[in-house]
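Here is a note for a colleague who is opening this structure for the first time. The points below are meant to be followed with the structure in view.

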Amino acid sequence: MFYELTDLLTCPRCGPAHGLVLLVQEVDDRRVQRGWLGCPDCRTDYPVTDGVADLRLHPQTGPQARPPHQDEELALQIVALSGLAEERGYLLLDERLAHTAHAVAELAPALEVISVSPAAEGSRGERGVSRVLSELRFPLVEYRLPAVAIAPGGDRELVAAAARRIAPGGRLLLFDAGDEDLEEVEASGLVILAAERRTAVAERELESVAGLG
Ligand SMILES: [Zn+2]
């Protein structure tokens with residue numbers, strides 16, 4: 001997990017207004033390999049193990065690591081549509097797109113990819129990818145990310161939660177998006193820039209979140 005990601009993570013119990021404090025036990029080139037993320041509010045300590053932050057409220061034990069399978073074409077699309085190919089910044093992937101995290105990070109080396117899913121995808125935190133285990137979508141501060149990519153497939157709650165993470169000027173990328181998902185995009189205050197088949201790109205306009213800064 002990228003060291004500075006701590007600034008964006010929030011307590012899944014206490015909500016998006018409650019940030020976490022990092023206690024590092026092992027760090028390697030600004031990536032936390034081992035440590036704890038503590039909530040000053042509810043005093044829960046969440047472990048960072050093998051570079052992966054585990055914010056799950058009910059961690060599963062036993063086998064969970066599926067072998068990572070790459071999807072180069074999808075990763076290319078994510079990078080291209082994000083507009084961040086040459087940029088520094090964060091790109092958040094939901095559970096259904098987490099398997100592309102490594103490929104996305106390879107294509108856009110200046111980006112830090114955050115993947116949030118309830119089960120481990122791949123075994124370790126790797127360069128350019130911060131993996132966060134969480135049932136919650138998403139244990140992250142609101143209105144701060146330049147890009148979020150999701151595959152909602154009719155899950156309007158997911159669309160709304162993702163939209164709330166997008167910074168002014170940032171983009172929401174949708175794969176496997178239905179009409180109801182696009183309705184939710186607009187209800188969330190984003191503007192749809194392009195939609196073709198079940199893929200869409202939306203943007204939060206720069207002046208749309210008054211008072212945030
Ligand atoms: Zn808490």
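How many disulfides does a search of the whole structure find?

1. The search finds 0 disulfides. A disulfide is a covalent bond between the sulfur atoms of two cysteines, and for the cysteines discussed here the point to examine is instead a metal site. Please keep in mind throughout that this is a predicted model, and that every value quoted below was computed from it.

2. As a general orientation, the chain has 213 residues, of which buried residues make up 49%. Its secondary structure comes to 4 helices and 11 strands. Among the contacts in the chain with a separation of 6 or more, 54% are accounted for by residues that lie 24 or more positions apart.

3. The zinc ion is coordinated by the SG atoms of Cys11, Cys14, Cys39 and Cys42, at 2.3 Å. Along the sequence, these donor residues follow the spacing C-x2-C-x24-C-x2-C. Cys11 belongs to the segment before strand S1 (21–28), while Cys39 sits in the loop between strand S2 (31–38) and strand S3 (45–49), so this pair ties together parts that are 28 residues apart in sequence.

4. Which arrangement do the 4 donor atoms around the zinc ion make? The arrangement is tetrahedral, because the angles that the 4 donor atoms subtend run from 106 to 114°. For comparison, the ideal angle for four tetrahedral donors is 109.5 degrees.

5. The zinc-binding cysteines can also be considered by their accessibility. Cys11 and Cys39 are both buried, and for Cys11 the relative accessible area is 0%. Cys42, with a relative accessible area of 31%, is partly exposed, because the buried class requires a value under 20% and the exposed class one over 50%.

6. Turning to charged side chains, the structure holds 12 salt bridges. Side chains of opposite charge can pair when their charged atoms come close. One of these salt bridges joins the side chains of Arg34 and Glu26, with an N to O distance of 3.2 Å. Arg34 is partly exposed at 38% relative accessibility, and Glu26 likewise counts as partly exposed, at 37%.

7. Another salt bridge brings together the side chains of Asp176 and Arg96, at 3.0 Å from N to O. This pair links distant parts of the chain, since Asp176 is in the loop between strand S9 (166–174) and helix H4 (179–187), whereas Arg96 is in the loop between strand S5 (89–93) and helix H2 (101–107), 80 residues apart. Asp176 is partly exposed, with a relative accessible area of 27%, and Arg96 is also counted as partly exposed, at 44%. Together with Arg198, Arg96 and Asp176 are linked in a network of salt bridges.

8. Arg171 and Glu203 form a further salt bridge, in which the closest N and O atoms are 3.9 Å apart. Here too the pair links distant parts of the chain, with Arg171 in strand S9 and Glu203 in strand S11 (residues 199–203), 32 residues apart. Arg171 counts as partly exposed at 25% relative accessibility, as does Glu203 at 23%.

9. Why can strand S8 be described as largely enclosed by the rest of the structure? The reason is that 5 of the 6 residues of S8 are buried. S8 runs parallel to S5, to which 3 bridges join it, and in this setting Leu91 stands opposite Ala147 of S8. S8 also pairs with S9 in the parallel sense, over 5 bridges, and Val148 has Leu172 as its bridge partner in S9.

10. Within strand S8 (residues 145–150) lies Ile150; is Ile150 buried or exposed? With a relative accessible area of 0%, Ile150 is buried. Leaving aside residues up to four places away in sequence, Ile150 touches ten residues' worth of neighbours that include Asp94, Leu97, Phe138, Leu158, Val159 and Ala162, and also Leu172, Leu173, Leu174 and Phe175. Ile150 and Ile78 are 72 residues apart in sequence, and their C-alpha atoms are 9.8 Å apart in space.

Note on methods:
Residues numbered from 1 in each chain as written. Predicted model: local features only at pLDDT ≥ 70, side-chain atom pairs only at ≥ 80, totals over all residues. Heavy atoms only, no water. Buried < 20%, exposed > 50% of the residue type's maximum accessible area, 1.4 Å probe, protein only. Contact = heavy atoms within 4.5 Å. Donors = N, O, S within 2.8 Å, 3.2 Å for Na, K, Ca; no water. Tetrahedral: all angles 85-135°; square planar, octahedral: opposite > 155°, others 65-115°. Helix = DSSP H or I, 4+ residues; strand = E, 2+ residues; numbered from the N terminus. Disulfide = S-S within 2.5 Å. Salt bridge = Lys/Arg side-chain N within 4 Å of Asp/Glu carboxyl O. Pairing = 2+ DSSP bridges.
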